[in-house]
Amino acid sequence: MSIPFLKGHGTENDFVIVPDPENTLDLTPAAVAALCDRRAGLGADGVLHVVRSAAHPEAKGMATDAEWFMDYRNGDGSIAEMCGNGVRVFARYLQHAGHATEGDLTVATRGGVKTVHIDKAGDITVGMGRARLPEGDVTVSVGDRTWPARNVNMGNPHAVAFVADLADAGDLYTPPPFSPASAYPEGVNVEFVVDRGPRHVAMRVHERGSGETRSCGTGACAVAVATARRDGADPAATGNPATYTVDVPGGRLVITERPDGEIEMTGPAVIVAEGEIDAEWLESAAR
């Protein structure tokens, strides 16, 4: 037997896409990690398991609002609440497979139902919801250096630190230590940020469960929110939307936060390959 798959990326945050409308596949953490292995598997930052919402126990309650559920897994096989780049690539797959067309659609995620717009020019805009800004001081460290960080929750946790140089982030192979431990009991995505110009920043990120990635959509949103607060440009206070350009190693994203708190992320999404996974290999790799 073989299992169909596709490969796609959003600003070089790359994913193995596994269509499974009726949720018949048992994608164990070991199986996901094997698929994402860049030497022995297909290679990716994560897996987009494509399931009809009505067929997945975690998404049944969202089925009336969104036909499709993005069952997202990190590269190490762990489950994540949300992935902003993943939603764009997920939507591009739905368009590629004939399940969606240009215009508006909805996607169910563990972070709630997300609104998506596929425009004629090719970019995809995702309604990312509102950010939460938990109170309390947080710090992150690399080697013997420590920076204050802004705690931002985009449906998943982020620590945003402003640094003088992106090289200050080190290699990001391992999770940067943070304090206090109680701030992120299940780990955290850490963004290191530098200024590039007015309303323009660049970032590197360690994604929880994946290591450094070329891009992180929820991370870019967290960075835009944190930067707007630093700049005194909180849309709820000013009454004006705040739009930031966020450069990531894999490209560029544009993030807008509206006065009502809703955040939109716009960027590219590309399907690059289709193929078949050998089911016997996957079963063996998953043991």
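I count a contact when heavy atoms lie within 4.5 Å. The model I am reading is predicted.

**Entry 1: Thr227**

I started at Thr227, which sits in helix α3. Which residues does Thr227 touch, leaving aside those up to four places away in sequence? I found Phe162, Val201 and Tyr244. I then looked up accessibility. Thr227 comes out at 0% relative accessibility, so I logged Thr227 as buried.

**Entry 2: nonpolar cores**

Next I went to the largest nonpolar core. It holds 51 residues. Which members touch the most other members? They are Met70, Leu94, Met203 and Ile255. Helix α3, residues 217-230, gives this core its largest share, eight residues. I also noted a second core, separate from it, with 16 residues. Ala161, Leu166, Val188 and Val190 are among them. As background, nonpolar side chains tend to be buried together in soluble globular proteins.

I took Leu94 for a closer look. Skipping residues up to four places away in sequence, I listed Val50, Trp68, His99, Ala100, Leu105 and Val107 as its contacts.

**Entry 3: salt bridges**

I turned to charged pairs. How many salt bridges does the model have? The count comes to 20. I checked several of them one by one.

Arg52 and Glu22 meet through their side chains, at 3.6 Å from N to O. The cut-off is 4 Å, so I accept this pair as a salt bridge. Arg52 belongs to strand β3 (residues 46-52), while Glu22 is in the loop between β2 (13-19) and α1 (29-36), so the pair ties together parts that are 30 residues apart in sequence. Is Arg52 buried, exposed or partly exposed? Its relative accessible area is 27%, and I logged Arg52 as partly exposed.

Arg38 pairs with Asp45 in a salt bridge, 3.0 Å from N to O. Asp45 has 8% relative accessibility and counts as buried. I followed this pair outward and found a network. Salt bridges link Lys7, Asp14, Arg38 and Asp45.

The Asp71 and Arg73 salt bridge came next, with the closest N and O atoms 2.8 Å apart. I checked the burial of each partner. Asp71 has a relative accessible area of 0% and is buried. Arg73, at 10% relative accessibility, also counts as buried. The cut-off for buried is under 20%, so Arg73 passes.

**Entry 4: backbone checks**

I scanned the backbone for cis peptide bonds. Which two residues does a cis peptide bond join? I noted Ser179 and Pro180, with omega at about -5°. Pro180 falls in the loop between β11 (178-179) and β12 (189-197).

I then looked for positive phi at residues other than glycine. Thr11 has a phi of about 45° and is not a glycine. I placed Thr11 in the loop between β1 (2-10) and β2. Thr11 is at 3% relative accessibility and counts as buried.

Arg199 also went on my list, with a positive phi of about 50° although it is not a glycine. Where does Arg199 sit? I found Arg199 in the loop between β12 and β13 (200-207). Its relative accessibility is 39%, so Arg199 counts as partly exposed. My two notes on burial therefore read: Thr11 buried, Arg199 partly exposed.

Terms used
Residues numbered from 1 in each chain as written. Predicted model: local features only at pLDDT ≥ 70, side-chain atom pairs only at ≥ 80, totals over all residues. Heavy atoms only, no water. Helix = DSSP H or I, 4+ residues; strand = E, 2+ residues; numbered from the N terminus. Buried < 20%, exposed > 50% of the residue type's maximum accessible area, 1.4 Å probe, protein only. Core = buried A, V, L, I, M, F, W, Y, C linked by side-chain atoms within 4.5 Å.
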